[in-house]
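Subject: Structure for you to look through

Dear colleague,

I am passing on the structure we talked about, with the sequence beside it. Please open it first, and then read the notes below with the view in front of you.

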Amino acid sequence: MLNQLNVFGKTKLEVTLDKIKTFEPEEGYYLAFSGGKDSQCIYHLCEMAGVKFDAHYNVTSVDPPELVRFIKEHYPSVAIEKPRDKDGKQITMWSLIASNTMPPTRKARYCCEKLKESGGKGRVTMTGVRWAESANRKNNQGLVTIMGKGKKMQQELRDADVNFQKTNRGGVVLNLDNAESRRGVEMCYRTRKTLVNPIIDWDDSDVWEFLDEVVKAPHCCLYDEGFKRLGCIGCPLSGGKNMRRDFKRWPKYEQLYIHAFERMIENHPGQIRVATGEAAKTGGGLQMFRAWKEWCSFGK
Ligand code: SF4
(Lines give C-alpha, C1' and ligand atoms only; values in the text may rest on other atoms or scores of the structure.)
Protein backbone atom coordinates (compact mmCIF):
# COMPACT_ATOMS: atom_id res chain seq x y z
CA MET A 1 0.00 0.00 0.00
CA LEU A 2 1.42 3.30 -1.09
CA ASN A 3 0.15 5.34 1.85
CA GLN A 4 1.46 2.98 4.52
CA LEU A 5 3.87 4.78 6.87
CA ASN A 6 7.38 3.50 7.54
CA VAL A 7 9.24 3.89 10.87
CA PHE A 8 10.26 7.42 9.86
CA GLY A 9 6.64 8.44 9.26
CA LYS A 10 6.92 8.52 5.46
CA THR A 11 4.65 6.77 3.00
CA LYS A 12 5.97 4.33 0.39
CA LEU A 13 5.12 6.88 -2.28
CA GLU A 14 7.07 9.64 -0.51
CA VAL A 15 10.06 7.32 -0.06
CA THR A 16 9.98 6.51 -3.79
CA LEU A 17 9.85 10.19 -4.73
CA ASP A 18 12.83 10.84 -2.41
CA LYS A 19 14.81 8.09 -4.18
CA ILE A 20 14.11 9.69 -7.55
CA LYS A 21 15.26 13.09 -6.31
CA THR A 22 18.40 11.66 -4.68
CA PHE A 23 19.87 10.29 -7.89
CA GLU A 24 18.75 13.02 -10.30
CA PRO A 25 21.68 13.82 -12.59
CA GLU A 26 22.29 17.37 -13.77
CA GLU A 27 21.19 16.62 -17.33
CA GLY A 28 18.15 14.62 -16.16
CA TYR A 29 17.31 10.94 -16.38
CA TYR A 30 17.17 8.88 -19.57
CA LEU A 31 13.85 7.14 -18.90
CA ALA A 32 13.44 3.75 -20.58
CA PHE A 33 9.78 3.65 -21.56
CA SER A 34 8.03 0.54 -22.90
CA GLY A 35 4.38 1.57 -22.57
CA GLY A 36 3.81 -1.14 -19.96
CA LYS A 37 2.42 -0.41 -16.51
CA ASP A 38 5.80 -0.23 -14.76
CA SER A 39 7.28 2.29 -17.15
CA GLN A 40 4.08 4.35 -16.94
CA CYS A 41 4.67 4.50 -13.16
CA ILE A 42 8.20 5.84 -13.43
CA TYR A 43 7.10 8.37 -16.04
CA HIS A 44 4.40 9.81 -13.76
CA LEU A 45 6.62 9.53 -10.67
CA CYS A 46 9.29 11.66 -12.37
CA GLU A 47 6.63 14.26 -13.16
CA MET A 48 5.46 14.22 -9.53
CA ALA A 49 9.01 14.44 -8.19
CA GLY A 50 9.67 17.41 -10.48
CA VAL A 51 12.95 15.97 -11.79
CA LYS A 52 14.32 16.43 -15.30
CA PHE A 53 13.92 13.47 -17.62
CA ASP A 54 13.46 12.49 -21.24
CA ALA A 55 11.57 9.28 -22.04
CA HIS A 56 12.53 6.95 -24.90
CA TYR A 57 10.74 4.00 -26.46
CA ASN A 58 12.88 1.59 -28.49
CA VAL A 59 11.06 0.16 -31.50
CA THR A 60 11.57 -3.62 -31.22
CA SER A 61 9.44 -4.54 -34.29
CA VAL A 62 7.81 -7.29 -32.16
CA ASP A 63 5.86 -5.21 -29.67
CA PRO A 64 2.08 -5.70 -29.80
CA PRO A 65 0.52 -3.14 -32.19
CA GLU A 66 -1.99 -2.22 -29.45
CA LEU A 67 0.90 -1.22 -27.17
CA VAL A 68 2.59 0.91 -29.82
CA ARG A 69 -0.70 2.69 -30.54
CA PHE A 70 -1.20 3.28 -26.80
CA ILE A 71 2.22 4.94 -26.49
CA LYS A 72 1.67 7.19 -29.49
CA GLU A 73 -1.78 8.22 -28.33
CA HIS A 74 -1.19 8.76 -24.61
CA TYR A 75 2.52 9.58 -24.34
CA PRO A 76 3.29 11.76 -27.38
CA SER A 77 6.30 13.31 -25.64
CA VAL A 78 8.13 9.96 -25.57
CA ALA A 79 10.90 9.82 -28.19
CA ILE A 80 10.45 6.86 -30.56
CA GLU A 81 13.91 5.40 -31.21
CA LYS A 82 14.76 2.90 -33.95
CA PRO A 83 17.86 0.82 -33.18
CA ARG A 84 20.35 1.07 -36.07
CA ASP A 85 23.51 -0.74 -37.17
CA LYS A 86 26.80 1.02 -37.90
CA ASP A 87 25.63 1.75 -41.47
CA GLY A 88 22.47 3.43 -40.19
CA LYS A 89 20.16 0.57 -41.24
CA GLN A 90 17.30 -0.19 -38.86
CA ILE A 91 17.79 -3.37 -36.81
CA THR A 92 14.63 -5.45 -36.40
CA MET A 93 13.95 -8.86 -34.88
CA TRP A 94 13.75 -10.20 -38.44
CA SER A 95 17.10 -8.79 -39.56
CA LEU A 96 18.72 -10.04 -36.35
CA ILE A 97 17.38 -13.59 -36.75
CA ALA A 98 18.40 -13.69 -40.42
CA SER A 99 21.96 -12.69 -39.55
CA ASN A 100 22.38 -15.25 -36.74
CA THR A 101 22.84 -19.01 -36.73
CA MET A 102 20.31 -19.70 -33.99
CA PRO A 103 17.02 -18.20 -32.88
CA PRO A 104 16.97 -16.10 -29.71
CA THR A 105 16.56 -18.25 -26.59
CA ARG A 106 16.42 -17.72 -22.84
CA LYS A 107 20.18 -18.26 -22.65
CA ALA A 108 21.08 -16.45 -25.87
CA ARG A 109 18.94 -13.34 -25.79
CA TYR A 110 20.91 -11.41 -28.36
CA CYS A 111 17.79 -9.48 -29.36
CA CYS A 112 17.48 -7.67 -26.00
CA GLU A 113 20.92 -6.16 -26.27
CA LYS A 114 20.38 -4.90 -29.82
CA LEU A 115 16.70 -3.95 -29.72
CA LYS A 116 16.18 -2.72 -26.18
CA GLU A 117 19.36 -1.91 -24.36
CA SER A 118 21.34 0.22 -26.75
CA GLY A 119 20.06 3.66 -25.66
CA GLY A 120 21.16 5.86 -22.78
CA LYS A 121 24.95 5.51 -23.06
CA GLY A 122 26.68 7.89 -20.63
CA ARG A 123 23.36 8.77 -18.95
CA VAL A 124 21.70 7.65 -15.73
CA THR A 125 18.95 5.38 -17.02
CA MET A 126 15.73 5.03 -15.07
CA THR A 127 13.80 1.78 -15.45
CA GLY A 128 10.61 0.31 -14.03
CA VAL A 129 12.31 -2.97 -13.08
CA ARG A 130 10.74 -4.64 -10.01
CA TRP A 131 11.82 -7.57 -7.84
CA ALA A 132 8.27 -8.94 -7.96
CA GLU A 133 8.66 -9.65 -11.70
CA SER A 134 11.19 -12.49 -11.41
CA ALA A 135 13.65 -14.31 -9.16
CA ASN A 136 16.40 -13.35 -11.59
CA ARG A 137 15.73 -9.68 -10.95
CA LYS A 138 15.79 -10.33 -7.22
CA ASN A 139 19.35 -11.60 -7.61
CA ASN A 140 20.69 -9.12 -10.11
CA GLN A 141 18.92 -5.82 -9.60
CA GLY A 142 18.75 -3.25 -6.81
CA LEU A 143 17.66 0.34 -6.30
CA VAL A 144 20.77 1.16 -8.33
CA THR A 145 22.37 -1.41 -10.62
CA ILE A 146 25.75 -0.82 -12.21
CA MET A 147 26.26 -3.37 -14.93
CA GLY A 148 29.30 -5.22 -16.16
CA LYS A 149 32.36 -6.79 -14.65
CA GLY A 150 34.78 -4.34 -13.15
CA LYS A 151 37.27 -5.09 -10.38
CA LYS A 152 38.67 -1.58 -10.81
CA MET A 153 35.22 -0.05 -10.43
CA GLN A 154 34.57 -2.13 -7.30
CA GLN A 155 37.86 -0.99 -5.79
CA GLU A 156 37.03 2.63 -6.56
CA LEU A 157 33.64 2.25 -4.87
CA ARG A 158 35.32 0.69 -1.82
CA ASP A 159 37.86 3.53 -1.72
CA ALA A 160 34.99 6.02 -1.79
CA ASP A 161 33.25 4.17 1.10
CA VAL A 162 30.27 3.27 -1.04
CA ASN A 163 28.38 0.30 0.32
CA PHE A 164 27.55 -2.19 -2.48
CA GLN A 165 26.76 -5.85 -3.13
CA LYS A 166 28.09 -7.84 -6.07
CA THR A 167 25.51 -9.53 -8.29
CA ASN A 168 26.01 -12.98 -9.76
CA ARG A 169 26.43 -11.35 -13.18
CA GLY A 170 29.51 -9.46 -12.00
CA GLY A 171 27.83 -6.04 -11.65
CA VAL A 172 27.00 -4.31 -8.39
CA VAL A 173 23.86 -3.05 -6.69
CA LEU A 174 23.40 -0.18 -4.25
CA ASN A 175 20.26 -0.41 -2.17
CA LEU A 176 20.33 2.78 -0.11
CA ASP A 177 19.25 6.21 -1.31
CA ASN A 178 21.91 8.05 0.65
CA ALA A 179 24.76 10.39 -0.22
CA GLU A 180 27.25 7.49 -0.58
CA SER A 181 25.09 5.74 -3.15
CA ARG A 182 24.63 9.00 -5.01
CA ARG A 183 28.42 9.36 -5.07
CA GLY A 184 28.66 5.82 -6.45
CA VAL A 185 26.28 6.69 -9.28
CA GLU A 186 28.16 9.89 -10.08
CA MET A 187 31.45 7.96 -10.22
CA CYS A 188 30.16 5.28 -12.57
CA TYR A 189 27.44 6.42 -14.91
CA ARG A 190 29.56 8.02 -17.62
CA THR A 191 31.43 4.82 -18.33
CA ARG A 192 29.21 2.00 -17.01
CA LYS A 193 25.59 1.25 -17.71
CA THR A 194 23.95 2.62 -14.57
CA LEU A 195 20.30 1.97 -13.83
CA VAL A 196 18.15 3.63 -11.19
CA ASN A 197 15.14 1.44 -10.42
CA PRO A 198 12.97 3.48 -8.01
CA ILE A 199 10.01 1.05 -7.92
CA ILE A 200 12.21 -2.03 -7.43
CA ASP A 201 10.30 -2.92 -4.22
CA TRP A 202 6.77 -2.23 -5.51
CA ASP A 203 4.39 -5.12 -5.94
CA ASP A 204 1.61 -5.35 -8.55
CA SER A 205 -0.97 -3.82 -6.22
CA ASP A 206 1.24 -0.76 -5.66
CA VAL A 207 1.56 -0.31 -9.43
CA TRP A 208 -2.18 -0.49 -10.09
CA GLU A 209 -3.00 1.65 -7.05
CA PHE A 210 -0.65 4.33 -8.36
CA LEU A 211 -1.95 4.25 -11.94
CA ASP A 212 -5.65 3.89 -11.16
CA GLU A 213 -6.05 5.89 -7.98
CA VAL A 214 -3.14 8.31 -7.65
CA VAL A 215 -2.47 9.55 -11.20
CA LYS A 216 -5.60 8.08 -12.83
CA ALA A 217 -3.70 7.19 -15.99
CA PRO A 218 -5.18 5.09 -18.80
CA HIS A 219 -3.52 1.73 -19.53
CA CYS A 220 -3.01 -0.42 -22.61
CA CYS A 221 -6.15 -2.41 -23.52
CA LEU A 222 -4.22 -5.71 -23.45
CA TYR A 223 -4.27 -5.67 -19.65
CA ASP A 224 -8.08 -5.81 -19.85
CA GLU A 225 -7.76 -8.95 -21.99
CA GLY A 226 -5.89 -10.65 -19.14
CA PHE A 227 -2.26 -9.99 -20.08
CA LYS A 228 -0.23 -9.59 -16.86
CA ARG A 229 2.90 -8.32 -18.59
CA LEU A 230 3.38 -6.74 -21.99
CA GLY A 231 6.42 -7.29 -24.12
CA CYS A 232 7.73 -8.70 -27.36
CA ILE A 233 5.42 -11.06 -29.23
CA GLY A 234 6.87 -14.57 -29.00
CA CYS A 235 9.57 -13.63 -26.48
CA PRO A 236 11.52 -16.82 -25.65
CA LEU A 237 11.86 -15.67 -22.04
CA SER A 238 8.11 -15.83 -21.54
CA GLY A 239 8.05 -19.64 -21.96
CA GLY A 240 6.20 -21.97 -24.33
CA LYS A 241 2.70 -21.35 -22.97
CA ASN A 242 2.89 -17.58 -23.44
CA MET A 243 4.57 -17.98 -26.84
CA ARG A 244 1.64 -20.12 -28.01
CA ARG A 245 -0.83 -17.57 -26.60
CA ASP A 246 0.97 -14.76 -28.47
CA PHE A 247 0.99 -16.54 -31.83
CA LYS A 248 -2.69 -17.34 -31.48
CA ARG A 249 -3.42 -13.68 -30.68
CA TRP A 250 -1.17 -12.25 -33.44
CA PRO A 251 -0.94 -14.96 -36.17
CA LYS A 252 0.80 -12.59 -38.60
CA TYR A 253 3.84 -12.62 -36.31
CA GLU A 254 4.06 -16.41 -36.52
CA GLN A 255 4.46 -15.99 -40.29
CA LEU A 256 7.08 -13.28 -39.80
CA TYR A 257 9.15 -15.54 -37.50
CA ILE A 258 8.88 -18.46 -39.95
CA HIS A 259 9.98 -16.21 -42.79
CA ALA A 260 12.93 -14.91 -40.73
CA PHE A 261 13.98 -18.50 -39.91
CA GLU A 262 13.88 -19.31 -43.63
CA ARG A 263 16.19 -16.40 -44.31
CA MET A 264 18.50 -17.60 -41.53
CA ILE A 265 18.68 -21.05 -43.14
CA GLU A 266 19.37 -19.56 -46.59
CA ASN A 267 22.08 -17.29 -45.20
CA HIS A 268 23.82 -20.04 -43.17
CA PRO A 269 23.48 -23.40 -44.96
CA GLY A 270 24.32 -26.30 -42.61
CA GLN A 271 25.33 -23.99 -39.78
CA ILE A 272 22.12 -23.64 -37.74
CA ARG A 273 22.85 -24.34 -34.10
CA VAL A 274 21.07 -25.86 -31.06
CA ALA A 275 18.07 -28.19 -31.31
CA THR A 276 16.58 -26.22 -34.16
CA GLY A 277 19.50 -27.20 -36.43
CA GLU A 278 18.11 -30.66 -37.15
CA ALA A 279 14.65 -29.23 -37.88
CA ALA A 280 16.19 -26.65 -40.20
CA LYS A 281 17.89 -29.41 -42.24
CA THR A 282 14.75 -31.42 -42.72
CA GLY A 283 11.79 -29.07 -42.55
CA GLY A 284 12.91 -25.51 -43.22
CA GLY A 285 11.52 -22.44 -41.45
CA LEU A 286 8.23 -23.97 -40.33
CA GLN A 287 9.82 -27.01 -38.67
CA MET A 288 12.43 -24.81 -37.13
CA PHE A 289 9.73 -22.52 -35.71
CA ARG A 290 8.00 -25.54 -34.12
CA ALA A 291 11.27 -26.83 -32.69
CA TRP A 292 12.08 -23.39 -31.32
CA LYS A 293 8.74 -23.15 -29.44
CA GLU A 294 9.32 -26.65 -28.04
CA TRP A 295 12.87 -25.78 -27.01
CA CYS A 296 11.68 -22.62 -25.22
CA SER A 297 8.94 -24.58 -23.42
CA PHE A 298 11.69 -26.43 -21.58
CA GLY A 299 13.18 -23.15 -20.40
CA LYS A 300 16.25 -23.42 -22.67
S1 SF4 B 1 12.01 -11.03 -27.48
FE2 SF4 B 1 12.44 -11.18 -25.30
S3 SF4 B 1 14.64 -11.52 -25.26
FE4 SF4 B 1 14.15 -10.63 -27.29
S5 SF4 B 1 14.24 -8.37 -27.12
FE6 SF4 B 1 12.19 -8.95 -26.66
S7 SF4 B 1 12.18 -9.13 -24.41
FE8 SF4 B 1 14.31 -9.27 -25.05
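**The ligand and its surroundings**

Sorted by class, the shell around the ligand holds eight nonpolar, two polar and two charged residues. Please keep in mind while reading that this is a predicted model. The residues that surround the ligand include Thr-60, Val-62, Pro-104, Arg-109, Cys-111 and Cys-112, and further along the sequence Gly-231, Cys-232, Cys-235 and Leu-237 are also among them.

**The sheet**

In what order do the eight strands of the open sheet follow one another? The order is β3-β2-β1-β4-β8-β5-β7-β6, and the pairing is mixed. At the edges stand β3 (79–81) and β6 (165–166), and because each has a single partner strand, one side of each is left without a neighbour in the sheet. In general, the strands of a sheet pair through backbone hydrogen bonds, and they may do so either parallel or antiparallel. Both arrangements can be found here: β1 and β2 run parallel and are joined by four bridges, whereas β6 and β7 (residues 172–174) run antiparallel and are joined by two. If you would like a pair of residues to look for in each case, Tyr-30 stands opposite Asp-54 in β2, and Gln-165 has Val-173 in β7 as its bridge partner. Along β1, Tyr-29 and Leu-31 point one way while Tyr-30 and Ala-32 point the other way, and all of these residues are buried.

**Helix α2 and the cores**

Helix α2 (residues 37–49) has 13 residues, which at 1.5 Å a residue should span 18 Å, and its end C-alpha atoms are indeed 18 Å apart, so the two values agree. Among the buried residues of α2 are Lys-37, Asp-38, Ile-42, Tyr-43, Leu-45 and Cys-46, and what covers the buried residues of this helix includes α1 (12–22), β1 (29–32), β2 (53–58), β4 (124–126) and α9 (204–214). Just after the helix, Gly-50 takes a positive phi of about 75 degrees.

The largest nonpolar core has 41 residues, and those with the most contacts inside it are Leu-31, Ile-42, Cys-46 and Val-144. Its largest share, five residues, comes from α2. Apart from this core lies another, of 23 residues, which includes Ile-97, Leu-115, Cys-232 and Phe-289. Leaving aside its neighbours within four places in sequence, Val-144 is in contact with residues that include Phe-23, Val-173, Leu-174 and Val-185.

**Three single residues**

Is Gly-285 buried or exposed? Gly-285 is buried, because 20 other C-beta atoms lie within 10 Å, and its place is in helix α12 (residues 276–297). Not counting residues up to four places away in sequence, Gly-285 touches Ile-258, His-259, Phe-261, Glu-262 and Ile-265.

The other two residues have a positive phi although they are not glycine: the value is near 75 degrees for Ser-61 and near 50 degrees for Lys-216. Ser-61 lies in the loop between β2 and α3 (65–74), and it counts as partly exposed because it has 19 C-beta neighbours inside 10 Å. Lys-216 is in the loop between α9 and α10 (239–249), and with 9 C-beta neighbours inside 10 Å this residue counts as exposed.

With best wishes

Methods:
Residues are numbered from 1 along each chain as its sequence is written. This is a predicted model: local features need pLDDT of at least 70, side-chain atom pairs count only at pLDDT 80 or more; totals for chains, interfaces and linings use all residues. A residue is buried if 20 or more other C-beta atoms lie within 10 Å of its own, exposed if 12 or fewer, and partly exposed in between; C-beta atoms are placed from the backbone. Two residues are in contact if their C-beta atoms, placed from the backbone, lie within 7 Å. The expected span of a helix is 1.5 Å times one less than its number of residues. A residue is near a molecule or strand if its C-beta atom, placed from the backbone, lies within 6 Å of it. Ala, Val, Leu, Ile, Met, Phe, Trp, Tyr, Cys and Pro count as nonpolar, Asp, Glu, Lys and Arg as charged, and the others, Gly among them, as polar. A nonpolar core is a set of buried Ala, Val, Leu, Ile, Met, Phe, Trp, Tyr and Cys residues joined through C-beta atoms within 7 Å. Two strands pair if DSSP finds at least two bridges between them.
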